[in-house]
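User: Please take a close look at a single part of this structure, and then follow outwards to whatever surrounds it. I would like one connected account rather than a list.

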Amino acid sequence: MPAKPVLIAVDGRSGSGKTTLAVELAALLRVHRTVSLFHLEDIYPGWHGLAGGQRRYLESVLRPLAAGEAAHWTAWDWNKDDDGASRSTEPADVVVLEGVGAAHAAARGLLDAVVWLQAPSEARRTRALSRDGATYEPFWDIWADQEEAWLAGDDAAAAADVVVESGPAGAAPEQVLAALASLPVLEHALAPERATREGIRLVAERVDAYPDAEAVYRRLYAGAVRSVWLDSSNVHEAADRNRISIMADDGGSFGQWAEHRNGTTLVSQHNTTARIGGGFFRWLDSAWGHRPATAAEEVPGGFALGWLGYLGYELKRETGGKDTSAPVQDGASDSLQDNALGNAPDAALLFAGRAVLLDHVRRCTWLLALAGPSRTDEAAEWIAGTAAVIGTLPPASGPSPEPARRPAALVFQPRDSRGAYLAKIREAQAEISEGNTYEVCLTTQLHATTTEPLDPLDTYLALRRRNPAPFASLLRFGTLTVASTSPERFLSIAADGGLRAEPIKGTRRRLADPDADAAVVRELAGSIKDRAENIMIVDLLRNDLSHFAIPGSLQVSRLCAIESYATVHQMVSTIDAQLLPGAVRAEAVAAAFPAGSMTGAPKISTMDILDRLETGPRGVYSGAVGYFSLDGAADLSVVIRTLVMDGSRLSLGVGGAITADSVPDDEWDEVRAKAFGVLSALGAVFPD
């Protein structure tokens with residue numbers, strides 16, 4: 001049986017730049033394989049023949065090629081306005097099929113990948129007429145009407161694997177080829193193109209200046225549409241959690257943007273977007289798991305550029321939990337769910353091909369940039385320009401002053417009233433009594449709507465001043481902002497395979513009087529209930545890590561230690577292990593996700609209980625924020641003490657662990673304590 005070629009369709013309306021892209025794409029593909037190229041304009045039966053041409057193309061060209069056979073077809077003689085010569089298209093390793101309707105509905109099942117180009121109508125007309133001139137102009141509207149009639153019943157763009165926003169200069173074939181190479185279905189066929197990532201190298205330069213972090217962000221990143229600031233804003237005794245702060249955006253040649261929703265990941269680079277079906281963690285392995293760069297030895301913190309962003313709690317659908325993306329019934333308010341989630345993706349990450357690192361131990365700055373065979377100058381220019389800017393900024397000092405103008409007071413509304421939350425606590429305890437779970441990490445959310453937009457950076461800085469934390473972060477992704485003051489590490493993976501989780505269970509609000517505050521620490525340290533909660537989660541995480549750990553490497557390095565922060569005291573434990581050689585790192589993250597400290601134990605059955613008790617999805621809250629570095633390292637925090645802003649809608653998730661001996665009123669007080677740091681920074685109060 002003849003081998004089936006890889007069939008790639010390049011489709012789009014007339015004048016979108018399909019022909020040029022197809023020719024240039026075929027040239028790039030020919031570097032590693034044989035390629036055939038077919039243009040549908042050779043087969044359309046005249047200016048009224050779009051539908052007829054699609055049928056001819058399907059039967060005489062596409063079906064034979066899909067079977068690995070030569071396609072024999074009749075060309076259209078445009079001068080005679082009639083059938084012309086007989087022609088053939090031979091199968092090759094790859095066949096590129098270009099033209100309006102190359103990916104029409106009946107054809108798509110035979111294709112391996114579809115590229116769709118789109119451009120504004122007037123730009124398409126100008127491009128098409130500049131190419132075909134007077135020949136095309138009398139028929140432009142006739143042909144355009146046929147395109148509209150076809151697309152009215154066949155949304156080919158929505159079904160495309162790669163979508164290109166074609167500008168005046170057309171599409172960049174290198175970006176389109178990279179997007180195609182990222183598709184799982186073409187992983188093997190385009191393996192040589194995927195291997196070009198191995199040619200990437202990391203350029204690092206130390207700048208002997210230690211500027212104010214806020215000044216760095218304002219100068220370099222405040223104007224970016226998408227940026228990340230992983231901010232070690234609290235220098236705590238656990239130095240590994242506070243060694244560096246990272247700032248980055250998705251600018252430059254290597255920059256990318258990825259968002260995952262309901263089983264589809266969209267990955268955009270400049271004007272090209274790849275649509276990748278399947279689970280998020282499968283995509284993460286493909287995007288992160290090949291380690292094309294290694295960190296420079298002198299650069300601290302184990303970060304060698306890569307993906308930065310968040311993983312939302314609803315990704316639990318891929319790790320043993322149920323899919324709760326559909327609207328929740330039982331009286332849940334649509335408006336509340338909208339407030340909680342807005343339009344936030346299940347996961348969102350940017351790829352940073354360059355970044356600024358603030359080294360809090362050596363009190364200096366590191367500039368990192370990726371360079372490839374043809375992009376060394378870009379890396380050098382960015383480093384030189386950024387170093388010059390760093391040199392002009394004020395040195396690091398204490399917390400920034402309060403802004404002269406504070407936003408109007410925010411009024412938050414609870415998703416659950418006090419009475420409703422206490423009732424859910426009792427339901428959770430009933431589940432424990434029946435032996436269905438040992439511990440239930442019950443949560444709720446507070447919502448507010450602003451009458452005037454909040455400045456994302458100023459809002460984050462207010463939280464940062466009030467409650468500095470080792471895993472503080474600011475994610476600005478278009479209209480979506482995640483402003484976090486999390487103290488809790490979810491999971492870190494070192495480049496050499498070291499695993500670490502540091503769950504928090506047990507929280508007390510700090511008191512102004514030193515003696516009373518010290519008494520609170522002693523009470524928390526001796527609390528049998530809090531120690532039981534913490535140890536149950538430690539056991540759960542030991543199990544999570546054991547699936548990918550070298551036998552015998554798992555150990556609890558710290559058990560029920562007390563750490564103090566600006567607004568709370570916390571009980572924290574540390575679990576360490578060593579990753580199995582050859583283990584898939586994305587799967588190791590998935591095995592521990594979501595954090596056990598946000599679910600309870602046992603994890604899967606308890607998540608089912610939480611789905612019944614909680615009246616809406618958690619969204620970003622309870623997920624993870626951090627990075628996946630190109631050297632295989634990762635460091636992720638738990639999304640707690642975090643304000644999520646989606647346009648004018650704000651949400652703050654809060655909760656606590658419920659055990660058999662929980663006192664409902666005390667659990668409500670703990671929820672209030674956890675919300676205090678964020679609410680007080682915003683000038684808001686808990687909505688009792």
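Analyst: **Helix α17 and its surroundings**

In helix α17, the residues that count as buried are R585, A586, A588, V589, A590 and A592. This is a predicted model, and what follows should be read in that light. With six of its eight residues buried, α17 is largely enclosed by the rest of the structure. The cover over these buried residues includes the helices α10, α16 and α18 (603–613), together with the strands β22 (489–493), β28 (624–629) and β29 (634–638).

The loop that follows is a natural place to continue. It runs between α17 (585–592) and β27 (600–601), and G596 lies within it. G596 is buried, its relative accessible area being 0%. Once its neighbours within four places in sequence are set aside, G596 is in contact with C441, I537, L540, L541 and K603. A further spatial relation links G596 to D544, for although the two are 52 residues apart in sequence, their C-alpha atoms lie 8.7 Å apart.

One of the contacts of G596 is C441, which raises the matter of the cysteines. What is the relative accessible area of C441, and is this residue buried or exposed? C441 is buried, at a relative accessible area of 2%. The closest cysteine sulfur to that of C441 belongs to C560 and is 14 Å away, which is too far for a bond. Seen from the other side, C560 is likewise in no disulfide, the sulfur of C441 being the nearest to its own at 14 Å. C560 also counts as buried, with 7% relative accessibility. A search of the whole structure agrees with this, since it finds zero disulfides.

Helix α16, one of the elements covering α17, spans residues 528–546 and holds D530. D530 is buried, with a relative accessible area of 2%. Beyond its neighbours within four places in sequence, the contacts of D530 are K505, G506, T507, R508, L524 and M571.

Helix α10, which is also part of the cover over α17, comprises residues 280–288 and is itself mostly covered, with seven of its nine residues buried. Those buried residues are F280, F281, W283, L284, S286, A287 and W288.

Elsewhere in the chain, strand β13 (residues 272–277) has side chains that alternate between two faces: T272, A274 and I276 point to one face and are buried, whereas T273, R275 and G277 point to the other and are not. Two strands pair with β13 in the antiparallel sense, namely β12 (residues 264–269), over six bridges, and β7 (residues 162–165), over three. Two residues of the buried face can be placed in this pairing, as A274 stands opposite V162 and I276 is the bridge partner of T265. Strands β12 and β13 form a hairpin with two residues between them, where H270 takes a positive phi near 60°.

The region around α17 can also be set against the annotation. An unreviewed UniProt entry carries the annotation "domain: Chorismate-utilising enzyme C-terminal" over residues 420–674. Over residues 420–674 the chain is 34% helix and 35% strand, and its end C-alpha atoms are 18 Å apart.

As for the protein as a whole, it contains 19 helices and 31 strands. Its radius of gyration is 28 Å, close to the 26 Å that the globule rule gives for 688 residues, so the protein is as compact as a globular protein of that length. The C-alpha trace spans about 100 × 60 × 55 Å along its principal axes. Of the 688 residues, 57% are buried. Among contacts with a separation of 6 or more, 76% are between residues 24 or more positions apart.

Finally, a word on confidence. The pLDDT averages 91 over the protein, and 92% of the residues score at least 70. Residues 326–340, by contrast, have a pLDDT below 50, although this stretch has 22 contacts in the model beyond near neighbours in sequence.

Definitions and conventions: Residues numbered from 1 in each chain as written. Predicted model: local features only at pLDDT ≥ 70, side-chain atom pairs only at ≥ 80, totals over all residues. Heavy atoms only, no water. Disulfide = S-S within 2.5 Å. Buried < 20%, exposed > 50% of the residue type's maximum accessible area, 1.4 Å probe, protein only. Helix = DSSP H or I, 4+ residues; strand = E, 2+ residues; numbered from the N terminus. Pairing = 2+ DSSP bridges. UniProt positions renumbered as here; feature names shortened; annotations may be inferred. pLDDT = per-residue confidence, 0-100. Contact = heavy atoms within 4.5 Å. Rg over C-alpha atoms; globule rule 2.2 N^0.38 Å.
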